[in-house]
Amino acid sequence: ITGARSEDNAWIAARKYARILQKLDFPAQFRDFKIQNIVGSCDLGFPIRLEGLANQHSQFSSYEPELFPGLIYRMNQPKIVILAFVSGKIVLTGAKSNKQIINAFNKIYPILVQFRKVSNMETKDEEEEEEEEEEED
């Protein structure tokens, strides 16, 4: 089953497939239901400096923009693969439970924040704030 939005929906769909096979006279039985892979995705709301992340976390990541636009980050605990894109969108895959997805996100988020790409507008705003503070002193 692919595309289910919850474990319950995947279970229901798998039961329906088993019933269809039974109605077609296949000796199918519904047992040992198991989730193999859960995928989660989100937009962080800020762009990411993938080259810096790849350099400082080279033991966990690979980034070859000529081949694929995303950085592949292989987390050991939990054993999850994260695809991170310059746009700030990430995909977490390989989990066996929703808890693993949440744990992986909570672990990777502080790392990704360190490699937040600062836009020129933000840099100018910060410089203006610093100048205003200096003038007040």
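Two strands are said to pair when DSSP finds at least two bridges between them, and the structure discussed here is a predicted model.

Q: How many strands are there in the protein chain?
A: Read along the sequence, the protein chain follows the pattern α-β-α-β-β-β-β-α-α. Alongside its 4 helices, the number of strands in the protein chain is 5.

Q: In β4, which residue is the bridge partner of R74?
A: Strand β3, which covers residues 71-75, pairs with β4 in the antiparallel sense over 5 bridges, and the two strands form a hairpin with 4 residues between them. Within β4, the residue that is the bridge partner of R74 is V81.

Q: Which residue in β5 does V81 stand opposite?
A: Strand β4, made of residues 80-84, is joined to β5 by 4 bridges, and these two strands run antiparallel. V81 has R74 as a bridge partner, while in β5 the residue that V81 stands opposite is T93.

Q: Which residue takes a positive phi in the hairpin of β4 and β5?
A: The hairpin of β4 and β5 has 4 residues between the strands. There, the residue that takes a positive phi, near 100 degrees, is G88.

Q: Which residue in β5 does C42 stand opposite?
A: Strand β1, residues 38-43, runs antiparallel to strand β5, residues 89-95, and 5 bridges join them. A84 stands opposite I90 in β5, and the residue in β5 that C42 stands opposite is likewise I90.

Q: Along β4, which residues point to one face and are buried?
A: In a regular strand the side chains alternate between the two faces of the sheet. Along β4 the side chains do alternate, with V81 and L83 pointing to a face where they are not buried. The residues that point to the other face and are buried are I80, I82 and A84.

Q: Is H57 buried or exposed?
A: H57 lies in the loop between α2, residues 50-56, and β2, residues 61-62. The cut-off for a buried residue is a relative accessible area under 20%. Because the relative accessible area of H57 is 14%, H57 is buried.

Q: Which side chain does a polar contact of 3.5 Å join to that of H57?
A: Leaving aside its neighbours within four places in sequence, H57 is in contact with Y73, I111 and F115. The side chain joined to that of H57 by a polar contact of 3.5 Å is that of Y73.

Q: Is K16 buried or exposed?
A: K16 lies in helix α1, which covers residues 7-23. A residue counts as exposed when its relative accessible area is over 50%. Because the relative accessible area of K16 is 54%, K16 is exposed.

Q: What distance separates the C-alpha atoms of K16 and F30?
A: K16 and F30 are 14 residues apart along the chain. In space, the separation of their C-alpha atoms is 9.4 Å.

Q: What percentage of the residues in the protein chain is buried?
A: The protein chain exposes about 10200 Å², of which carbon and sulfur atoms supply 49%. Of the 137 residues in the protein chain, the buried ones make up 25%.

Methods:
Residues are numbered from 1 along each chain as its sequence is written. This is a predicted model: local features need pLDDT of at least 70, side-chain atom pairs count only at pLDDT 80 or more; totals for chains, interfaces and linings use all residues. Side-chain values use heavy atoms; hydrogens and water are left out. Buried means under 20% relative accessible area, exposed over 50%, partly exposed in between (1.4 Å probe, protein chains only). A polar contact is a pair of N or O atoms within 3.5 Å; within protein, one must be able to donate a hydrogen and the other to accept it, and residues adjacent in sequence count only if both atoms are side-chain atoms. Contact means heavy atoms within 4.5 Å. Accessible areas come from the Shrake-Rupley method with a 1.4 Å probe; for residues, only the protein chains shown count as cover.
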